[in-house]
Structures are given as C-alpha cells and as structure tokens.
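Colleague: I am new to reading protein models, and the vocabulary puzzles me. Could we go through some of the terms together?

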Amino acid sequence: MKKGFLIDMDGVIYSGDTMIPGADTFIASLQKEKIPFLFMTNNSQRTPLDTVNKVKKMGIHIEESNVYTSAMATAWFLSFMNPNGTAYVLGEGGLISSLHQQGYSLVNQNPDYVVVGEGRNFTLEMVNNAVDMILSGAKLIATNLDPSPKKKGWSNLGIKAIVSMIEEATGKTAFSVGKPSPVMMRAARKTLGLEAKETIVIGDTMGTDILGGVQLGYTTILTLSGVSKAPILNDYPFKPDMVVESVADLDLKKALKLK
C-alpha cells in the first residue's frame, strides 16, 4: 500500500525562522524514497512560493507543489460552493492570489462572501465594512481559527480574535476552512491522490493536526517539538498513533507500517 504525509510546518519543520534539527534530513529521506508529501499550513498570508523560499534558506529544497495552505483550501471550497463568485477580503498575499486562481473576483460592494485571513494591513474601517456586508447577506468565512499567541510584542493577531469581533457584531458564526476542518484535511489528501488509510499526518498540536487526522481516519504522529507537550496528552479523549520528540526521531519505516 502506498503512503504519503501531510506535514505541519511551524513546530514540526521549523520554529520561527530556525529549522528544527533533523527536519532537512527527514524531508530528504521522503524525496529519496519518492514518498509523496505536502507541507500543510494554516497560514493564509504566505504563498506556496513564499514557503519554498523560506525553507530553502534552512537547507530544505521543495517545490511549490509540496505546499498546501488554508488559503488554497478556502479558495477551492468557495469555488465549489459558488463558482466564479465574489469576495470581500480581510487578508493578504496568499489568500488573494488563491482566490484569483479559482476565478473569484475581489469586490468592495455586495460580495457573496466576507473572507478573513491573516494580515496586518486591514483597518477597523474595513472590519466595519465587513460587518455591514454580512448584515446585508454576505456569508462569513475564516481561513482558520488559530488563536493569538498571547505573547508580548506580537504584532499579528490570530484570526480567531478578528473573527470573534465580527461574529459578535453580526450575530453570525464564521465557517472555518483550515485545520482541523475536514474541508482542508480532505482537500490536502486528495491533492496527494491518497485514500484516508494511506494518509499520515505529522503535527505538533493536538487540537488541530492530530484532531483533524483522527476525525478522518488518518494515521497521526505528534511531535513534541512544538505546541503540545507530553504532560497534557492525557487531557484529550483522543490520541495520536505515535509520539516522537521531533521528526529527527521518527523512524520512517515504522511510521509507514502504522495501522
């Protein structure tokens, strides 16, 4: 049976701008063995090319086809729900280009959807416009609901904070496309051409990567190099199929034999 990997990035491959030791060797081993993989990220700002260039500086060489973002999943989902529709976007870069690639027009009046992604350049006026549009019938979409990191000096609020403000102002609940939503988890798998039983998710967060994988019947591997640490694992009613300190400690042959 063929197998393939959906791999989270921050906390698994790198931390900020620093590669997690052994990540380059692990990716090189997948490439050498011709095992399909995608870097699967909730970051909707970054384009696939941005990601390629970021990890290249760390010594990891991939193609744009090895990257799948929540922006790509969101654009695909909207094109499936309402082909060639319109959107008002609170977001940047990767989200805007993904929507264009799926035939969506970005408008400032009467959109089909208000789409919220990561960004530093949208204003309170834009948020007020979004609220009015939603109250006029536009649907609210979030590329993900990642929380703010709650760190002093952090200049980029988590999408959850922005979406919560809009939800309270409109009384409408956003539909989130990114991890752990089955929309993104399934779309990424299909991009690799795999069945559920052939798909292995590697992530550092129990509440996103691992939860999403468990819900869809994927094999799941948790790395302790990021958010979720060993002492909290028993707090969850589900568990990963394997736990490793980092991808450097991951036995590829053993991982491919799980389930």
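Modeller: Happy to; this is a predicted model, and we will take its helices and strands in turn.

Colleague: Why is α5 called oblique to α6?

Modeller: Helix α5 (residues 124-135) and helix α6 (residues 159-170) pack at an angle of about 45 degrees, and their axes are 10 Å apart. Roughly parallel needs an angle under 35 degrees, and roughly perpendicular begins at 65. The angle of about 45 degrees fits neither class, so α5 is oblique to α6.

Colleague: Which residues make that contact?

Modeller: V127, V131, I134 and L135 come from α5, while α6 gives M165, I166, A169 and T170. Sorted by class, the contact of α5 with α6 has seven nonpolar residues, one polar and no charged. The crossing of α5 past α6 is right-handed.

Colleague: What makes α3 and α4 roughly parallel?

Modeller: The cut-off again! The axes of α3 and helix α4 (residues 93-101) cross at roughly 30 degrees and come within 8 Å. Angles under 35 degrees count as roughly parallel, and therefore α3 and α4 earn that name. Here A71, M72, A75 and L78 in α3 meet G94, L95, S98 and L99 in α4. Six of the residues in the contact of α3 with α4 are nonpolar, two are polar and none is charged.

Colleague: How do you know that β8 and β9 pair?

Modeller: Two strands pair if there are at least two bridges between them. Strand β8 (residues 113-116) and strand β9 (residues 139-142) have four bridges, in the parallel sense, so they pass the test. In this pairing, Y113 stands opposite K139 in β9.

Colleague: What makes β7 and β10 edge strands?

Modeller: The order of the open sheet of five strands is β7-β6-β8-β9-β10, with parallel pairing. Strands β7 (105-106) and β10 (175-176) each pair on one side only, and they are the edge strands. Helix α3 (residues 70-81) packs on this sheet and touches β8, β9 and β10.

Colleague: How do you know that β1 pairs with β4?

Modeller: Three bridges join β1 to strand β4 (residues 37-41), and the two run parallel. At least two are needed, so this is a pair. F5 stands opposite F37 in β4. β1 also pairs in the parallel sense with strand β11 (residues 199-203), over four bridges, and there G4 has T199 as its bridge partner.

Colleague: Which way do the residues of β1 point?

Modeller: G4 and L6 point one way from strand β1 (residues 4-7), F5 and I7 point the other way, and all are buried.

How values were computed:
Residues are numbered from 1 along each chain as its sequence is written. This is a predicted model: local features need pLDDT of at least 70, side-chain atom pairs count only at pLDDT 80 or more; totals for chains, interfaces and linings use all residues. Side-chain values use heavy atoms; hydrogens and water are left out. Contact means heavy atoms within 4.5 Å. Axes are lines fitted to C-alpha atoms, for helices over the stretch in contact, and angles run from 0 to 180 degrees between N-to-C directions. Angles under 35 degrees count as roughly parallel, over 145 as roughly antiparallel, 65 to 115 as roughly perpendicular and the rest as oblique. A crossing is left-handed if the near helix is turned anticlockwise from the far one by less than a right angle, and right-handed if clockwise. Ala, Val, Leu, Ile, Met, Phe, Trp, Tyr, Cys and Pro count as nonpolar, Asp, Glu, Lys and Arg as charged, and the others, Gly among them, as polar. Buried means under 20% relative accessible area, exposed over 50%, partly exposed in between (1.4 Å probe, protein chains only).
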